[in-house]
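Colleague: Got a minute to walk me through this one? I'd like the fold, then the charges.

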Amino acid sequence: MLPEEEERDERLMGLALEQAERCLAWADVPVGAVVARGDEVLAAAGNGRERFQDPTAHAEVLALRKAARRAGTWRLTGCELFVTLEPCAMCAGALVLARVERLVFGAADPKAGFAGSLGDLARDPRLNHRLRVVAGVRAEEASVQLRAFFAARRNPPDVEP
């Protein structure tokens, strides 16, 4: 990978990390996603399952929906998705169906990730479209966000009556 591409990946992942941080305001798992075409950011979103009470409101799906509206087409050719956590099967499938060209993710998800961990829909040769995948960009920062969120849920602060 070229140094300028690495720098761009880090910068755009930073925007995704900001989106993940915003999820804490509505008590959702901190996952953020950004759709870009070249240097233009088409859309950004954080998880919204709790906010919208919608099981499909993952950051990736919300960002893809916004990007498609902005682009005026569901075919997001020439686009890349930056997400703080490896996409699940639903989100990896949505990326394939949207014809996204490149996926860049932070933390791997060995329990639900479908871009190399548990399965690999993003690069499955049996499908009509495959993505280029870059894993581990700012992974430690994404992991810290996720670990802190789940630690706080397991050990809520004491509340005095």
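Modeller: Sure. Along the sequence, the protein runs α-β-β-α-α-β-α-β-β-α. Keep in mind that this is a predicted model.

Colleague: How many helices and strands are there in the protein?

Modeller: The protein has 5 helices and 5 strands.

Colleague: And what is the radius of gyration of the protein?

Modeller: It is 15 Å. A compact globule with 161 residues would come out near 15 Å, so the value agrees. The C-alpha trace spans about 55 × 30 × 30 Å along its principal axes.

Colleague: What percentage of the residues are buried?

Modeller: Of the 161 residues, 47% are buried.

Colleague: On to charges. How many salt bridges does the count come to?

Modeller: The count is 11 salt bridges. One of them joins Asp9 and Arg102, with the closest N and O atoms 2.6 Å apart. Asp9 sits in helix H1 and Arg102 in strand E4 (residues 102–107), so this pair ties together parts that are 93 residues apart in sequence.

Colleague: Is Asp9 buried or exposed?

Modeller: Buried, because the relative accessible area of Asp9 is 1%. Arg102 is buried too, with a relative accessible area of 1%. The cut-off for buried is under 20%.

Colleague: Which residue does Arg11 pair with?

Modeller: Arg11 makes a salt bridge with Asp39, at 3.6 Å from N to O. Arg11 belongs to helix H1, and Asp39 to the loop between strand E1 (32–37) and strand E2 (40–46), so the bridge ties together parts 28 residues apart in sequence.

Colleague: How exposed are those two? Start with Arg11.

Modeller: Arg11 is partly exposed, at 43% relative accessible area. Asp39 has 61% relative accessibility, so it counts as exposed.

Colleague: Where does Arg138 come in?

Modeller: The Arg138 side chain meets that of Glu141 in a salt bridge, 2.8 Å from N to O. Arg138 is partly exposed, with a relative accessible area of 25%. Glu141 has 38% relative accessibility, so it also counts as partly exposed.

Colleague: Which residues are joined into one network by salt bridges that share partners?

Modeller: Glu5, Arg8, Asp9, Arg11, Asp39, Glu80 and Arg102. So the Asp9 and Arg102 pair is in that network, and the Arg11 and Asp39 pair is as well.

Colleague: Now the surface. Which residues gather in the patch of negative charge?

Modeller: Glu4, Glu6, Glu7 and Glu10. Glu7 is in helix H1 (residues 3–22). Its relative accessibility is 60%, so Glu7 counts as exposed.

Colleague: And which residues form the positive patch?

Modeller: Arg22, Arg51, Arg65, Lys66 and Arg69 form a positive surface patch. The largest share, 3 residues, comes from helix H3 (residues 59–71).

Colleague: Where is Arg69, then?

Modeller: Arg69 is in helix H3. It counts as exposed because its relative accessibility is 60%.

Colleague: Switching to backbone. Which residue has a positive phi near 50 degrees?

Modeller: Gln53: its phi is near 50 degrees, positive in a residue other than glycine. Most residues other than glycine have a negative phi. Gln53 lies in the loop between helix H2 (49–52) and H3. Gln53 is exposed, with a relative accessible area of 61%.

Colleague: What about the phi of Arg99?

Modeller: Arg99 has a positive phi of about 65 degrees, and it is not a glycine. Arg99 falls in the loop between helix H4 (89–97) and E4. It is partly exposed, at 22% relative accessible area.

Colleague: Last one. How far apart are Gln19 and Pro30 in space?

Modeller: Their C-alpha atoms are 7.9 Å apart, and the two residues are 11 residues apart in sequence. Gln19 is in helix H1. At 13% relative accessibility, Gln19 counts as buried.

How values were computed. Residues numbered from 1 in each chain as written. Predicted model: local features only at pLDDT ≥ 70, side-chain atom pairs only at ≥ 80, totals over all residues. Heavy atoms only, no water. Patch = residues over 30% accessible without salt bridge, like charges linked within 9 Å, V, L, I, M, F, W, Y side chains within 5 Å. Areas by Shrake-Rupley, 256 points an atom, 1.4 Å probe, with all protein chains shown as cover. Salt bridge = Lys/Arg side-chain N within 4 Å of Asp/Glu carboxyl O. Lys, Arg positive; Asp, Glu negative; His and termini not counted. Charge placed at Lys NZ, Arg CZ, Asp CG, Glu CD. Helix = DSSP H or I, 4+ residues; strand = E, 2+ residues; numbered from the N terminus. Buried < 20%, exposed > 50% of the residue type's maximum accessible area, 1.4 Å probe, protein only. Rg over C-alpha atoms; globule rule 2.2 N^0.38 Å.
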